[in-house]
Amino acid sequence: MTTEPARSAARMRASDADREAVVEQLREAAAEGRIDLDELNERLELALTAKTYGELVPLTDDLGPVAVEAGEPLTLRGGMHKVRRTGSWKVPARIVVSGGLGGALLDFSRAECRLGEVEVEVDAQMGGVRIVVPEGWAVDTDALDLAFGGLKSRISGDRAPGAPLLRITGSCGAGGVRIRRPGLRERRKRP
């Protein structure tokens with residue numbers, strides 16, 4: 001049975017960025033040989049004319065995440081001072097963040113991510129870890145150990161077509177883990 005929030009998300013209007021993300025995923029699937037050129041053209045036409053998320057989702061459901069080399073993990077270690085990853089940066093398949101005493105900020109609001117899933121391993125320690133997640137991205141915290149600091153997440157809503165899923169693992173430590181959408185300051189900095 002379909003829930004009301006899932007039905008309403010399917011009726012939400014798709015943006016140009018949503019359509020472009022699906023188009024890119026379709027082109028990569030064709031380059032990898034997962035769909036032929038006729039099917040690519042058919043799906044591209046549907047993607048470019050889609051008005052809602054519900055029209056976009058079936059176009060890539062059977063393709064899975066985009067294949068991208070994993071590369072080296074990104075490691076951020078907070079010490080006495082806060083460590084930050086903000087601005088424009090490329091997201092690897094795995095990120096390890098340690099809060100230390102000063103804490104850590106991991107801001108995805110202007111990051112470039114071509115992956116279907118990203119693993120973020122946290123060790124919040126005393127300073128905690130703060131994560132900023134763009135609209136449409138999804139977060140899974142089921143494997144996160146809440147420890148003393150616990151988790152505060154303001155993330156809700158469905159995953160947009162082609163958007164990444166962040167799998168948060170590790171420990172909340174004493175400082176805790178806080179996850180939120182971009183605020184006014186982050187939205188102003190977008191190009």
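Which residues in α2 meet which residues in α4? To find out in this predicted model, begin by selecting helix α2, residues 16–31, together with helix α4, residues 53–60. On the α2 side you will find Asp18, Arg19, Val22, Gln25 and Leu26, and these meet Tyr53, Leu56, Leu59 and Thr60 on the α4 side. Sorted by character, the residues of this contact comprise five that are nonpolar, two that are polar and two that are charged.

Now turn the view so that both helices can be followed along their length: they pack at an angle of about 10°, and their axes lie 10 Å apart. Since angles under 35 degrees count as roughly parallel, α2 and α4 are therefore described as roughly parallel to each other.

Next, keep α2 alone on the screen, where its 16 residues reach 22 Å from the first C-alpha to the last, close to the 22 Å expected at 1.5 Å a residue. Colour Asp18, Arg19, Val22, Val23, Gln25, Leu26, Glu28, Ala29 and Ala30, which are the buried residues of this helix, and then bring back α3 (37–49) and α4, which are included in what covers them. Following α2 is Gly33, whose phi is positive, near 85°.

For the last stop, go to the loop between β10 (165–171) and β11 (177–180) and select Cys172, a buried residue with a relative accessible area of 0%. Leaving aside residues up to four places away in sequence, Cys172 touches a set of residues including Ala124, Leu144, Leu146, Gly150 and Val177. Add Val129 to the selection as well: 43 residues separate Val129 and Cys172 along the chain, yet their C-alpha atoms are separated by 7.9 Å.

Terms used
Residues numbered from 1 in each chain as written. Predicted model: local features only at pLDDT ≥ 70, side-chain atom pairs only at ≥ 80, totals over all residues. Heavy atoms only, no water. Axes fitted to C-alpha atoms, helices over the stretch in contact; angles between N-to-C directions. Helix = DSSP H or I, 4+ residues; strand = E, 2+ residues; numbered from the N terminus. Parallel < 35°, antiparallel > 145°, perpendicular 65-115°, else oblique. Contact = heavy atoms within 4.5 Å. Nonpolar A, V, L, I, M, F, W, Y, C, P; charged D, E, K, R; others polar. Expected span 1.5 Å × (residues − 1). Buried < 20%, exposed > 50% of the residue type's maximum accessible area, 1.4 Å probe, protein only.
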